[in-house]
Amino acid sequence: MFESLGERLQNTLHKIKGYGKITEDNISDMMREIRLALLEADVNYKVVKEFTTNVKEKALGEEVKRSINPGDMFVKIVKDELVELLGGESAPLNLNGNPAILMLVGLQGSGKTTTIGKLANLLRKKHAKKPLLVACDVYRPAAIDQLKQIGKQLNIEVFEEGKNNPVEIVEHALSYAKENHFDYVLVDTAGRLHIDEDLMNELKELQRVICPHEVLLVIDSMVGQDAIHVIEGFHSQLQLTGVILTKLDGDTRGGVALSVRHLTNVPIKFIGVSEKLDGIDIFDPERMAGRILGMGDIVSLVEKATEAIDEREAEKTAKRMQSGKFDLEDFLSTMKQIKKMGPLENLLKLIPGASKMGLNSVKIDPKQMAHLEAIVLSMTVAERRNPNIIKASRKTRIAKGSGTSVQEVNRLLQQFDQMKKMMKQMTNGNMKLPW
């Protein structure tokens with residue numbers, strides 16, 4: 001997400017950081033580069049014009065002239081304007097109801113049914129509360145089955161009454177939720193290929209009956225600027241409280257995210273970041289602007305680690321590292337915990353300066369991780385605890401058992417040996433940093 005935009009903006013800002021003084025002349029080329037980068041990222045032209053005008057006015061202002069480092073001040077102005085464009089601050093969900101009712105709407109193909117499962121999963125993890133999914137999409141073939149399958153995968157209950165009237169289904173679901181002490185009710189509504197009168201009438205009737213605390217529009221970010229028309233179409237009828245942008249991980253341009261709030265005044269509340277059922281993030285303008293400009297997002301990285309990693313296990317591993325007793329069993333345990341945090345290439349992008357280190361373009365084949373795991377699992381307990389005993393005949397047996405080659409076994413052992421040496425240097429305080 002935002003790869004091409006981020007790269008171009010970062011290159012442009014890197015140039016201006018070398019300027020001792022910012023003038024009308026030297027800023028014109030920079031603004032042209034920024035304008036082109038935003039337009040190529042599919043940001044609405046009105047938004048681009050307003051953004052570049054604001055940045056230029058502030059960059060030529062007195063504050064920048066008096067600044068010790070005008071280049072750094074310019075970068076700060078661009079970041080602040082990006083944050084403002086993205087909505088200023090994150091918009092939290094209204095979860096004050098008992099139960100809190102969230103109604104998800106959207107066109108067919110936007111990923112609405114998968115998103116409702118992701119959102120329920122996120123709310124359960126974040127707030128340790130009990131969600132109920134309600135199947136009200138009675139028109140799309142297999143929509144109910146899809147939601148039931150998602151509920152089964154996540155171990156979240158789904159309320160469904162087949163192809164009955166959606167208004168009656170949701171009324172019965174609310175009674176059921178209250179009787180059984182559910183904290184959140186997430187309603188999956190019907191979609192269409194386009195906005196039409198029948199769709200809107202049904203959604204308005206559902207809204208009237210359940211009085212939801214949140215009406216969230218799920219929209220595919222890959223549709224580009226058409227998303228603005230879709231949002232305006234729904235918002236004029238339903239008074240949306242927020243937008244969830246799906247498939248943002250597959251859109252390297254991401255311009256729609258920079259246009260939505262400014263043009264519709266509807267906040268983006270969540271973004272889809274992978275196809276997995278934990279692939280949804282809270283949308284935070286400050287963090288997103290930092291990612292776009294290559295400043296990383298350490299807060300998100302720490303949050304993901306906190307959710308996925310067992311604290312006691314991590315502490316135990318850290319102590320073993322410090323004592324020099326880190327073995328392949330610890331390595332396997334660490335690898336399993338890292339996998340829980342999501343695709344490794346997505347985590348690398350959250351590191352500050354990732355693009356400068358070439359980490360944005362790193363592709364990690366999940367099969368490689370699986371191969372490493374298979375190799376370690378094919379070892380005996382004694383071999384994992386003391387890799388030094390693994391000689392030629394053992395390597396052949398391990399390779400056969402894991403369906404890999406002796407070369408791959410050798411590579412893993414070499415990498416593990418290098419890792420142990422690096423850990424020893426770090427704990428002794430002798431680690432030489434590369435900068």
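This briefing covers the sheet of this structure and the helices around it. The model is predicted. Its sheet is open, has 8 strands and mixed pairing, and follows the order β3-β2-β4-β1-β5-β6-β7-β8. The edge strands are β3 (158-159) and β8 (280-282), each of which pairs on one side only.

**Strand β5 and its neighbours**

- In β5 (214-220), 7 of 7 residues are buried.
- Side chains in a regular strand alternate between the two faces of the sheet.
- One side of β5 carries Glu214, Leu216, Val218 and Asp220; the other carries Val215, Leu217 and Ile219. Both faces are covered.
- β5 pairs with β1 in the parallel sense, over 4 bridges. Glutamate 214 of β5 is the bridge partner of leucine 102.
- On β6, the pairing with β5 is also given as parallel, with 5 bridges. Valine 218 has isoleucine 244 of β6 as its bridge partner. Leucine 216 has glycine 242 of β6.
- The chain passes from β5 through α10 to β6, and this β-α-β crossover is right-handed.

**Helix α10, the crossover helix**

- α10 takes in residues 226-238, which is 13 residues. At 1.5 Å a residue they should span 18 Å, and the end C-alpha atoms lie 19 Å apart, which agrees.
- Its buried residues are Ala227, Ile228, Val230, Ile231, Gly233, Phe234, His235 and Leu238.
- These buried residues pack against three strands and two helices: β1 (100-105), β5 and β6 (242-246), with α9 (197-210) and α11 (255-264).
- Glutamine 239 follows α10 and has a positive phi, near 55°.

**Other helices on the sheet**

- Helix α6 (residues 112-127) packs on the sheet. The strands it touches are β1, β2 (131-135), β4 (184-188), β5, β6, β7 (268-272) and β8.
- The direction of α6 makes about 170° with that of β4.
- Helix α7 (residues 143-154) lies across β2, β3 and β4. It runs at about 165° to β2.

**Helix α2**

- α2 has 17 residues, 24-40. The expected span at 1.5 Å a residue is 24 Å, and its end C-alpha atoms are 24 Å apart, which agrees.
- Asn26, Ile27, Met30, Met31, Ile34, Ala37 and Leu38 are buried in α2.
- Seen down the helix axis, the buried residues of α2 fall within an arc of 130°, so they line one face of the helix.
- An α-helix has 3.6 residues a turn, so residues three or four places apart point the same way.
- Asp25 and Asp29 are exposed, on the face of α2 turned away from its buried side.
- The cover over the buried residues of α2 includes α1 (3-16), α3 (45-59), α5 (70-85) and α11.
- Aspartate 42, just after α2, takes a positive phi of about 70°.

**Helix α1**

- The 14 residues of α1 should span 20 Å at 1.5 Å a residue, and its end C-alpha atoms are 20 Å apart, which agrees.
- Buried in α1 are Glu3, Leu5, Gly6, Leu9, Gln10, Thr12, Leu13 and Ile16.
- Among the elements covering these buried residues are α2, α5, α11 and α12 (285-292).
- α11 thus recurs in the packing: it is among the elements over the buried residues of α1, of α2 and of α10.

Key: Residues numbered from 1 in each chain as written. Predicted model: local features only at pLDDT ≥ 70, side-chain atom pairs only at ≥ 80, totals over all residues. Heavy atoms only, no water. Expected span 1.5 Å × (residues − 1). Buried < 20%, exposed > 50% of the residue type's maximum accessible area, 1.4 Å probe, protein only. Contact = heavy atoms within 4.5 Å. Arc of directions from axis to C-beta. Pairing = 2+ DSSP bridges. Right-handed = clockwise from strand over helix to strand, strands pointing away. Axes fitted to C-alpha atoms, helices over the stretch in contact; angles between N-to-C directions.
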